[in-house]
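Me: Could you walk me through how this chain is put together? I would like the reasoning along with each value.

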Amino acid sequence: MNHKITLVTMSLLSIVLSIFHITDDIVRGIEPGDTGTLTFILIATVLLYGTLPLADRRAGFIIMLLGGIGGVLVAYVHMRGGGLVGGRIAGTSGMFFWVFTLIALGTTGMMTAILAAQALWRSFRRPDAATP
């Protein structure tokens, strides 16, 4: 198994699921679709940059690690009831997609964090494995 390909794939899946999630939140009215969305666009861009051009570097591993942890935290906060309109979303249409996206985001985020932590660890054990 090629760890780099798996790490990049998991990271890209997490980013796509995050975009689906924020889009669904905006459509449902959980998040306002205002200029604050630009903050998310900036974060997603940094995550993409860390995943694609920096995939073999320590900076990329750190960005992917933080992105993976962020994906897990988003799923955790929402499943605990944070960010819900009136604390209830279960009665709305499209609930399956919302829950599926959160579970998939949490899963791919956790996998990204684990793989990025391993890659970061290996980069310190073998200095030639990653370019600082």
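Me: At what angle do helix α1 and helix α2 pack?

Reply: This is a predicted model, where local features need pLDDT of at least 70, side-chain atom pairs count only at pLDDT 80 or more, and totals for chains, interfaces and linings use all residues. Residues are numbered from 1 along each chain as its sequence is written, and side-chain values use heavy atoms, leaving out hydrogens and water. Helices here are DSSP runs of H or I with at least four residues, numbered from the N terminus. The axes of α1 (residues 3-28) and α2 (residues 37-51), lines fitted to C-alpha atoms over the stretch in contact, with angles running from 0 to 180 degrees between N-to-C directions, lie 10 Å apart and meet at about 170 degrees.

Me: Are α1 and α2 roughly parallel or antiparallel to each other?

Reply: Angles over 145 degrees count as roughly antiparallel. With an angle of about 170 degrees, α1 and α2 are therefore roughly antiparallel.

Me: How many residues of the contact of α1 with α2 are nonpolar?

Reply: Contact means heavy atoms within 4.5 Å, and α1 contributes residues including Val-8, Leu-12 and Ile-15, while Phe-40 and Leu-47 are among those from α2. Nonpolar covers Ala, Val, Leu, Ile, Met, Phe, Trp, Tyr, Cys and Pro; charged is Asp, Glu, Lys and Arg; the others, Gly among them, are polar. The split is no charged, 4 polar and 9 nonpolar.

Me: Which elements are included in what covers the buried residues of α3?

Reply: Buried means under 20% relative accessible area, with a 1.4 Å probe and protein chains only. In α3 (residues 58-79), the buried residues include Phe-61, Leu-65 and Gly-68. Their cover includes α1, α2 and α4 (95-125).

Definitions and conventions
Helix = DSSP H or I, 4+ residues; strand = E, 2+ residues; numbered from the N terminus. Parallel < 35°, antiparallel > 145°, perpendicular 65-115°, else oblique. Expected span 1.5 Å × (residues − 1). Buried < 20%, exposed > 50% of the residue type's maximum accessible area, 1.4 Å probe, protein only.
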